[in-house]
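Biologist: Got a minute to walk me through this one? I'd like to know how the pieces sit together.

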Amino acid sequence: MKKTGVAMDGRESVNIPAWPFGASKAFLRDPAANIVIILLIVQLVCIVAGMLWPDDFRYLSALNMKTLLRSIPQIGFIAIGVGILMIAGEFDLSVGATFTISSLTLAMLHGAGIPVALCVLAALSLGAAIGLVNGFLSLRFAIPSFIVTLGTMMILRGAILFVSGTATIPFRPAPWFDMLLTGEIGFMQAQFIWLVAFTLGAWALLSRHRIGNHLYAVGGNRAAANAIGVEVLRTKLFAFAAAGVMAAVSGIVSTTRVSSVSPIQGQGLELQAIAACVIGGLALTGGRGSALGIFAGAFLIYTVQNVLLLVGAPGYYLEAFIGMVLVAAVIANGIMNKRA
Amino acid sequence: MISNTHDAPLLRLAGVGKIYGRTAALSDVDIEIRKNEVLGLLGDNGAGKSTLIKILSGVLPRSSGTFEAGGHPADIRSRHDSAALGIETIYQDIALVGPMPIWRNMFLARELCSRLGFLRCAEMRRTTIEILHRGVEISGVDDPDAEVASLSGGQMQAVAIARAVHFRSKMLLLDEPTSALSVRETENVLKYMVDLRDEGVSSVFVTHNLYHAFQVCDRFVVMSHGRKVADVAKKDTSIEALTRLIVAH
């Protein structure tokens, strides 16, 4: 029943553990602990394999490192938003479409000669607006967010094809903008640094800020949070907006990286993002999870993809493997939680 | 009207009613909740007890009637109003968030924050440890990081009560607080109510169990079909008399 082991006999009173012990205990309590350990093991195996067979398994090649660090952020940014929303007890299936339509907005406005900073602002605002509309529809009419966002996903996909046809739209911003978002220092990629920064931001928000406290509360037990005095609707709306904004962030960074937007971009990202969150230890029922878990989940998904590419597996293996990792992670988390 | 604020009741309700559509869930209820007392709110299912508790705790607006707190006119329209009057509600389906640790529950919606809204975690954990140790005879929990979902029903109820007490409430509203508890945990909650009364925190105790009510209450209000049908001091009644009152109406 009690997990401390400190006061089982009722003798010992206040006992605040010393830092290293406390930190490791706190870490092991984090639902992300399992996945971080698995991620580290996978990395270790890949690195060792890369060193043993540098010609056959080019994991450690500069090119592969760059690819890896460039690719993780795309799913990572989205997963942060989706994760914040999942912690608040809601889903957003429209983030893939939001990703694409914000990218389109960015590219088309820029193509029309509008300064890039304003284009970015417009793309972010559009993301936030889509999130808020999702939240409003779901909360105002008490429809599960899963259904509402399935609807907005289809509406947005239609709108994307209506606006762009099937054409790919170029985006060629000034070099400073390109450097800022997607430049590189050695093999380190700017977008990965941005992802780390956003992850730290999400950690500060979720674990150290009042808003985060309320996000966990409305996701963990909405009725109780309401009875205690948490502003449930406002908190959930915030989370919906965060999901939209992060989808737009991912869209902006990805569009800058590939210098164009294609209307079929972003398809399937919503489910990959949810998969990353679930692998990272977030509960589908809300109220549980951490920024570290989301980051680790996204990292692991992309590592698996990367390894499959390196060993020359056919493209259709990727989805199947992500599916397997997802199911395995959920089972593992369930077992670990029961044992805890 | 002469009102002496020293002897005035903590809260006085006059003519309070609640109408849902065409049904009157409460009509014309006058109740006083005094200082240093445990008031038993009794009645069969559908008597209006829970409606009354919801109105007092600010989650349900009343349709009619007036409030007076400490002799002065008052109003309860929201959870914020009731908190300002020092009213805290302990629900039967305990209002705690399971996946969160005790200390976060303790300060939920009343977080200690920096000006930018960042949590003062260390301070809140420390205070939670103090709170848990003060109520330790009932809770048997002393780890502020323990997840609330891992506690027993009685421990959760203890955390909820400790939270209410810490935030200096003058009055606890307990809606069937013991319905999910073991016998021993129930005894602890009942004892806690009496201890709190002696420390100056009044309680309104809603229960179906007349033995529990008789054990701790100083006064009883019996409700039936949304109306108050009796208001008696413990010394003027008995369990049998109360049972007759509840069944008769």
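Modeller: Sure. Before we talk about domains: their bounds come from an automatic or database domain assignment. Also keep in mind that this is a predicted model.

Biologist: OK, so how is chain B divided?

Modeller: Chain B splits into domain 1, covering 1–86 + 169–249, and domain 2, covering 96–167.

Biologist: And how many Å apart are the C-alpha centres of those two domains of chain B?

Modeller: The C-alpha centres of domain 1 and domain 2 of chain B are 26 Å apart. As for contacts, twelve residues of domain 1 of chain B meet eight residues of domain 2 of chain B.

Biologist: Which helix gives the largest share of the domain 1 side there?

Modeller: That's α7 of chain B, residues 183–198, with five residues on the side of domain 1 that touches domain 2. By class, that side of domain 1 of chain B has eight nonpolar, three polar and one charged residues.

Biologist: Switching topic: how many residues does each chain put into the contact between A and B?

Modeller: Chain B puts in 25 residues and chain A 23 residues. On the chain B side, α2 (79–84) and α4 (121–134) each supply at least two residues.

Biologist: Which of them gives the most?

Modeller: α4(B) does, with three residues. The chain B side that touches chain A divides into 16 nonpolar, four polar and five charged residues.

Biologist: What about chain A, how many helices and strands?

Modeller: Chain A has 14 helices and four strands. Of its 340 residues, 45% are buried.

Conventions: Residues are numbered from 1 along each chain as its sequence is written. Chains are lettered from A and ligands numbered from 1 in the order in which they are written. This is a predicted model: local features need pLDDT of at least 70, side-chain atom pairs count only at pLDDT 80 or more; totals for chains, interfaces and linings use all residues. Two residues are in contact if their C-beta atoms, placed from the backbone, lie within 7 Å. Ala, Val, Leu, Ile, Met, Phe, Trp, Tyr, Cys and Pro count as nonpolar, Asp, Glu, Lys and Arg as charged, and the others, Gly among them, as polar. A residue is buried if 20 or more other C-beta atoms lie within 10 Å of its own, exposed if 12 or fewer, and partly exposed in between; C-beta atoms are placed from the backbone.
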